[in-house]
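Me: Could you take a close look at one part of this model for me, the place where the two chains meet? I'd like one connected walk-through rather than a list.

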2 protein chains.
Amino acid sequence: MSSIGLAKIDIKKLLSGDRRSLAKAITLIESSRQEDNKEAQKLLEQILPHSGKSIRLGISGVPGVGKSTFIENFGLHLINQGHRIAVLAIDPSSPISGGSILGDKTRMENLSQNEKAFIRPTPSLGFLGGVAQKTRETILLCEAAGFDYVLVETVGVGQSEFEVADMVDFFLLLMLPNAGDELQGIKKGILELADAVIINKADGDILPQAQKTLAQYSSAMELMRNDPNWKAQVLMCSALEKKNLDTIYQMIEEYKNISTTTGHFQEKRLAQNEEWFKKLIFELINHKLKLDKGLEQKKVQLKDSVLKGVKLPLAAAQEYVDQIF
Amino acid sequence: MSSIGLAKIDIKKLLSGDRRSLAKAITLIESSRQEDNKEAQKLLEQILPHSGKSIRLGISGVPGVGKSTFIENFGLHLINQGHRIAVLAIDPSSPISGGSILGDKTRMENLSQNEKAFIRPTPSLGFLGGVAQKTRETILLCEAAGFDYVLVETVGVGQSEFEVADMVDFFLLLMLPNAGDELQGIKKGILELADAVIINKADGDILPQAQKTLAQYSSAMELMRNDPNWKAQVLMCSALEKKNLDTIYQMIEEYKNISTTTGHFQEKRLAQNEEWFKKLIFELINHKLKLDKGLEQKKVQLKDSVLKGVKLPLAAAQEYVDQIF
């Protein structure tokens, strides 16, 4: 792969909303070449003042819950309300790739053809912070290009949900209308991340079951969440039949209005940035230390001693850190 | 305060279960004097082979839920079953102190007079890992002294619950019989830590309400937890009337038997030790870096730039880490 280079990216066009320039910029961000990384940071510095003006929306749910249909029809609804939307689909099977294993263009056919939508798979693996680093930077680029709803989609079964929750303003969890029968493969802790639980496929014969599920999740969320800034909502919808999509939209807008007024919206972003700064420092230090083979070997030995119960964690950690400095 | 010193501690007596030697050893562990810290590590190395043979039980719940009564009567029940129990009460108001602000001797009168029980407040603040470091080491000492049930008590409203969950085998969360009416001041995320939720004060007129609460928590835990190794239990009891305490005891023993057979019991402890080792490395490095005032100032400046939106987290973190090495 040849270098992309900052020179080839037209920042003015990007800022005016040109999707091709945006796509190129994201490719630069995603590049693993060291010279590209420096160029990418320069690009990001330039667009940074133009970023931030979107609602960042995390959307998760197990395979089969109807995420594609939801994003397609909810996305079109957002566009009808005058928004421009970007969909960043986290592809767990593709480490770093511009291509789409999920086949976004076929699974969201109408949305992908709409010029007010930008759909892009985003790599789930990378050197820093798992999914987080590249996706965070891609969000900023989409915002700079004027997309005012950025949807970050994950598959709902792994670690990426925790990372995505730390980079979005609002986290939607889609659920099937059969709670109680099974656990839906949702990983421990993910339910608590949700600012709203959406029972999808609430249509036809399944409606009574969906209503029961709604009641169960309402009760569970009541017991579980304790956020003074926002009471997690539980709603039903049928993405396929486009039912209740506006209710969900109104809820998100309400969240934005309330939290902007109280200042919580901005506070949450600042806290996310601070946490991310700290986490990156830790990861960069770790990366640096791993390059020292002798030190790394020492660490493995010490860890073994801890696991064998020969050494105490504190003594072992102290011995390791004494070797660094 | 004069140095305690390893010389003054009779390890043989400690290993034979002498409570005075144990108390002295814990005081040495808790000391903030540097020379004591080295002695403490030596002591811990000597007792390490004798540790590990207990069930480590986390007990949490908001003030008013009846923790003292529960621990008193549940503790006496354990003693009646042939166990020796240690109670480590995490005292949020006392940084490092041998004294008891909670007044453990009056709040658990019968238990504190029983020679098969050892009750001790444990400092909630310290240089490393918050509550965790000293309490972890104290658990090891109690085990070496032959206490085969170690109860670690927290107040259920703060960060210490997460730390305690990471150092115990089984985490009990006590709840009042009025769920749904209010959130009981339980912090977000704590419910998910629970291996069992115990609805206390389930007696007299409140029994019907407690049963309703039991059903609600059962449903919530069903939706929330997804641990293949253990299905979180929801039980009622009346600690005051000593009702159902044996059911709780049997549940914990069952957990121990099942998880020992499957290997999960030991695996969980190993994972806890590994995590703790990693966390300590991070904290020790952080501590070391903080001693460098210029570096610390740089970090604060960079953090401000990130929060003001002038610098990106990655660029700022990189700039900081480049200064370290």
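Reply: Here's a tour of the interface from the side of chain B, followed by one residue in a helix there and some background on chain A.

Keep in mind that this is a predicted model. Let's start with the head count: 57 residues of chain B are in contact with 58 residues of chain A. In terms of area, about 5,300 Å² is buried between the two chains, and carbon and sulfur atoms give 75% of that. If you want names to click on, go for L223(B), F277(B) and L312(B): they supply 14% of the area that chain B buries against chain A, more than any other three residues.

Now for the polar side of things. The count between chain B and chain A is two salt bridges. One of them pairs E274(B) with K303(A), and the closest N and O atoms there are 3.4 Å apart. As for polar contacts, two residue pairs between the chains make the list, with both at pLDDT 80 or more.

Which elements does chain B bring to this? Those giving two or more residues to the side that touches chain A are α3 (34-47), α7 (132-144), α9 (207-224), α11 (264-290), α12 (293-307) and α13 (313-324) of chain B. The largest share comes from α11(B), with 12 residues. Sort that side of chain B by class and you get 35 nonpolar, 10 polar and 12 charged residues.

Let's zoom in on α12 of chain B, since S305(B) is found in that helix. Is S305(B) buried or exposed? S305(B) counts as buried, because its relative accessibility is 19% and the cut-off for buried is under 20%. Leaving aside residues up to four places away in sequence, S305(B) touches V310(B) and K311(B). Further along the chain, A316(B) is 11 residues from S305(B), and their C-alpha atoms are separated by 7.9 Å.

Finally, a bit of context on the partner. The secondary structure of chain A comes to 13 helices and seven strands. Chain A has 325 residues, of which 55% count as buried. Among the contacts in chain A with a separation of 6 or more, 75% are between residues 24 or more positions apart. On the outside, chain A exposes about 13,900 Å², with carbon and sulfur atoms supplying 52% of it; for the area buried between chain B and chain A, the carbon and sulfur figure is 75%.

Definitions and conventions: Residues numbered from 1 in each chain as written. Chains lettered and ligands numbered in written order. Predicted model: local features only at pLDDT ≥ 70, side-chain atom pairs only at ≥ 80, totals over all residues. Heavy atoms only, no water. Contact = heavy atoms within 4.5 Å. Buried area = accessible area lost by both parts, 1.4 Å probe. Salt bridge = Lys/Arg side-chain N within 4 Å of Asp/Glu carboxyl O. Polar contact = N/O pair within 3.5 Å; in protein donor to acceptor, adjacent residues only side chain to side chain. Helix = DSSP H or I, 4+ residues; strand = E, 2+ residues; numbered from the N terminus. Nonpolar A, V, L, I, M, F, W, Y, C, P; charged D, E, K, R; others polar. Buried < 20%, exposed > 50% of the residue type's maximum accessible area, 1.4 Å probe, protein only. Areas by Shrake-Rupley, 256 points an atom, 1.4 Å probe, with all protein chains shown as cover.
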